[in-house]
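Subject: Structure for your review

Dear colleague,

Please find below the sequence and structure that I am handing over to you. My findings follow, and I would ask you to read them with the structure open.

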Amino acid sequence: MRFSKTIIILSILFVFNSLAQKNKTTPSTDVFPTPPETNISLFYIQRSSNSNTVIYDANLTADKKLNPKNPVHTYWIKYNEGGRKQELTNIQRTLAYGLYTKEVATEKESYDGHFLAYRKRKFVVKITPQGEPVALFPINGKMQILKKVFVKVDESGMMPSVVYVELWGKDPATGKEVYEKFKP
């Protein structure tokens, strides 16, 4: 008798836990911390799974030019660990958050590239005539200054999958804010 009560209680707990997981809401991107912006900030990525943030900064040489070997420095801000900075692991750099870049032959201080995990949209990292580093990324079909990326992740299966991606930026000509949401 005691054994069957235990099984019933465990079954009830399992059902409630499953329902709680299904009804779990993803926090709005508004509740995630905003990383501090510096004169070398390009953009950042946040994911629905936690508040840890991947930062993409311009990697400048002493004379304020993009480093030709590695024009973008990518690292974590671990907000769930007190906001400490941490370099990407080799796997994160080569499979998930890393970038491929190559110098544009026809334009000084300009590098074409793509995310290693998503090659469909190409970007450009360059120094503006005002000396400001920017990342231009296609948002709504036009090259815009990318500022923020949010990735909604579904972790219910064996492997996480991307549900949608949101992009925020600004039009380089007008300064107007731009936004796009898409399913990869």
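Which residues touch the most other members of the largest nonpolar core? Please bear in mind that this is a predicted model. The largest nonpolar core holds 27 residues, and those that touch the most other members are Phe-43, Ile-45, Tyr-56, Val-149 and Leu-167. Strand 9 supplies the largest share of this core, 4 residues. For Tyr-56, contacts beyond four places in sequence include Phe-43, Ile-45, Val-72, Tyr-97 and Phe-115.

Strand 8 and its partners

Strand 8 covers residues 133-139, and 7 of its 7 residues are buried. In a regular strand the side chains alternate between the two faces of the sheet. In strand 8, Pro-133, Ala-135, Phe-137 and Ile-139 point one way, while Val-134, Leu-136 and Pro-138 point the other way.

Strand 7 (residues 118-127) runs antiparallel to strand 8, and 4 bridges join the two. Five residues lie between these strands in their hairpin, where Gly-131 takes a positive phi near 85°. On the other side of the sequence, strand 8 is joined by 4 bridges to strand 9 (residues 142-154), again in an antiparallel arrangement. The hairpin of strand 8 and strand 9 has 2 residues between the strands, and Asn-140 has a positive phi near 55°.

Leu-136 is a useful residue to follow here. Val-124 in strand 7 stands opposite Leu-136, and Leu-136 also stands opposite Ile-145 in strand 9. The C-alpha atoms of Val-124 and Ile-145 are separated by 9.5 Å, with the two residues 21 apart along the chain.

Is Val-124 buried or exposed? Val-124 counts as buried because its relative accessible area is 15%, and the cut-off for buried is under 20%. Among the contacts of Val-124 beyond four places in sequence are Tyr-111, Val-134, Leu-136 and Met-143.

Pockets

The largest pocket has a volume of about 620 Å³. Its lining has 22 residues, with Ala-96, Tyr-97, Ala-117, Val-151 and Val-162 nearest the centre. By class, 18 of the lining residues are nonpolar, 2 are polar and 2 are charged.

The second largest pocket contains about 420 Å³ of space. Pro-35, Pro-36, Glu-37, Ser-41 and Tyr-44 are the closest to its centre among 22 lining residues. Strand 1 gives the most to this lining, with 4 residues. The lining of the second largest pocket has 12 nonpolar, 4 polar and 6 charged residues.

Yours sincerely

Definitions and conventions. Residues are numbered from 1 along each chain as its sequence is written. This is a predicted model: local features need pLDDT of at least 70, side-chain atom pairs count only at pLDDT 80 or more; totals for chains, interfaces and linings use all residues. Side-chain values use heavy atoms; hydrogens and water are left out. Buried means under 20% relative accessible area, exposed over 50%, partly exposed in between (1.4 Å probe, protein chains only). Two strands pair if DSSP finds at least two bridges between them. A nonpolar core is a set of buried Ala, Val, Leu, Ile, Met, Phe, Trp, Tyr and Cys residues joined through side-chain atoms within 4.5 Å. Contact means heavy atoms within 4.5 Å. On a 1 Å grid over the protein atoms alone, a cavity is a set of points where a 1.4 Å probe fits but cannot get out, and a pocket is an open set with protein on both sides within 12 Å along at least five of seven lines; lining residues have an atom within 4 Å of a point. Grid points are joined across faces, edges and corners, and a volume is the space filled by probe spheres set on the points. Ala, Val, Leu, Ile, Met, Phe, Trp, Tyr, Cys and Pro count as nonpolar, Asp, Glu, Lys and Arg as charged, and the others, Gly among them, as polar.
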